[in-house]
Amino acid sequence: MAKITDRFTAAVHRFAEAEHIEWVDFRRGERKDDVMAKRLASFTAPEGIVFIGRAQEKTQLFRTEKRHHDDGVSYPWIVKTTGVVNHFYFYCVDADFGPFFLKFCSYFPYNAKLCINGHHWAQRQAAKAGIGYVAMDNAFAKVENIAALQEICDTLGPEQIDALLRKWLAILPHPFSAADRAAGYRYDVSVLQAEFSLTQMLDSPVSGRVFFENVIRENLDIGRPDQVSLVFARRLMRTGPRPTPGRFRTRVITDGVIPSLHVDYKNATIKQYHKEGRALRTETTINDSYDFGIRKGLTNLPALREIGFNANRRLLRVANNQPRPDHRNPGTAHPHRSGHHRDRHPRPRAAPRATTKPRPPLSVAGLQAATGRVPQP
């Protein structure tokens, strides 16, 4: 394994030198996305490698330790442990996917991470199709032809993401040689994290903050098990021999002057906030697909997509006190029973008028991982 590590490290340095690619050693506490944004501003090529970064990060790996037989003779033994080792980041721009990064661990088992953003892909596909739009940060503020863009967005799936990975594995140096790959040692893609988002543009942005503060005030209990089970359409058992594990809570987090509402279900989180003073943003982030009985393989991405989009919609229904679907029977609905608190402060029956934008495909990340942003109607 040491030979593979040394060969891979040397190959990365040779590649950077031969292709005249900028090398960046990340400093402790430095935001890698900020480093990319600064260099991306001056990157004009339609496709290529922006820079290569190196960082020491803690990760799970295998090491060899010395053990002894009864007669005192020593022998090596492989153990699973953690360590702080070099990781190589390739920050690139793809003609179809836009900016992304691919990270490799330099130690066995050489885990890697692919991180893409579905909004970047959707924007490039819209431009190729001649569909005009006004972009926001990870969203569409305005689209000339919503239906046409929605059709484009719905075409992004596991096949396109896997093709992106294979394309760049053929370009970049990585730990597995051609002989290794021929012997069956290849990267497979699984979903570590996926984010699905809904952006609703407000017709009257000036009233958006007032509206959102009211949403927060009236939904502080939405993280309770009986409430969050409606959002995720999952039965939660809080008592008995097999209670549902995990955390179920509501948090209000303030970044500067912008508050956001966070609802936790096991390892998943729904966040809602007032985006750029112009939109109501709802985001569901799934960090462990097994929370929903789904395996991590990339082929299961469409199932995760449905869970994320439906959770966004259900949160809006619950927040607006609309009839809520019964998680035991999706075809039925049951009314919300208001307590004294809601009688004094009723929830708004409807959100401000909003223009619905199409949902660009998911951004997924991962060879062992995947992250993503996906707007939805």
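Here are legends for four close-up views of this predicted model.

**View 1. Strand E11 and its hairpin with strand E12.** Strand E11 covers residues 268–275, and seven of its eight residues are buried, so the rest of the structure largely encloses this strand. Its partner here is strand E12, residues 279–286. The two run antiparallel, with seven bridges joining them. To get your bearings across the pair, find His-274, which sits opposite Leu-280 of E12. Three residues lie between the strands in this hairpin. Glu-276 is the one to zoom in on, and the next view does just that.

**View 2. Two non-glycine residues with positive phi, Glu-276 and His-20.** Start with Glu-276, found in the loop between E11 and E12. Its phi is positive, at about 50 degrees, even though the residue isn't a glycine. Glu-276 has a relative accessible area of 42%, so it counts as partly exposed, given that exposed would need over 50% and buried under 20%. Now hop over to His-20, in the loop between helix H1 (2–18) and strand E1 (23–25). His-20 isn't a glycine either, and its phi is positive at about 55 degrees. With a relative accessible area of 73%, His-20 is exposed, because the cut-off for that label is over 50%.

**View 3. Helix H3 packing against helix H4.** H3 takes in residues 118–128 and H4 residues 146–153. Their axes lie 10 Å apart and make an angle of about 125 degrees. That makes the two helices oblique to each other, because an angle has to be over 145 degrees to count as roughly antiparallel and between 65 and 115 to count as roughly perpendicular. The crossing of H3 past H4 is right-handed. On the H3 side, the contact is made by Trp-121, Ala-122, Gln-125 and Ala-126. Facing them from H4 are Leu-149, Ile-152 and Cys-153. Sort these contact residues by type and you get six nonpolar, one polar and no charged.

**View 4. The cis peptide bond at Pro-109.** Look at the link between Phe-108 and Pro-109: this peptide bond is cis, with omega at about 10 degrees. As for the setting, Pro-109 belongs to the loop between strand E4 (98–105) and strand E5 (112–115).

Terms used. Residues are numbered from 1 along each chain as its sequence is written. This is a predicted model: local features need pLDDT of at least 70, side-chain atom pairs count only at pLDDT 80 or more; totals for chains, interfaces and linings use all residues. Side-chain values use heavy atoms; hydrogens and water are left out. Buried means under 20% relative accessible area, exposed over 50%, partly exposed in between (1.4 Å probe, protein chains only). Helices (H or I, at least four residues) and strands (E, at least two) are DSSP runs, numbered from the N terminus. Two strands pair if DSSP finds at least two bridges between them. Axes are lines fitted to C-alpha atoms, for helices over the stretch in contact, and angles run from 0 to 180 degrees between N-to-C directions. Angles under 35 degrees count as roughly parallel, over 145 as roughly antiparallel, 65 to 115 as roughly perpendicular and the rest as oblique. A crossing is left-handed if the near helix is turned anticlockwise from the far one by less than a right angle, and right-handed if clockwise. Contact means heavy atoms within 4.5 Å. Ala, Val, Leu, Ile, Met, Phe, Trp, Tyr, Cys and Pro count as nonpolar, Asp, Glu, Lys and Arg as charged, and the others, Gly among them, as polar.
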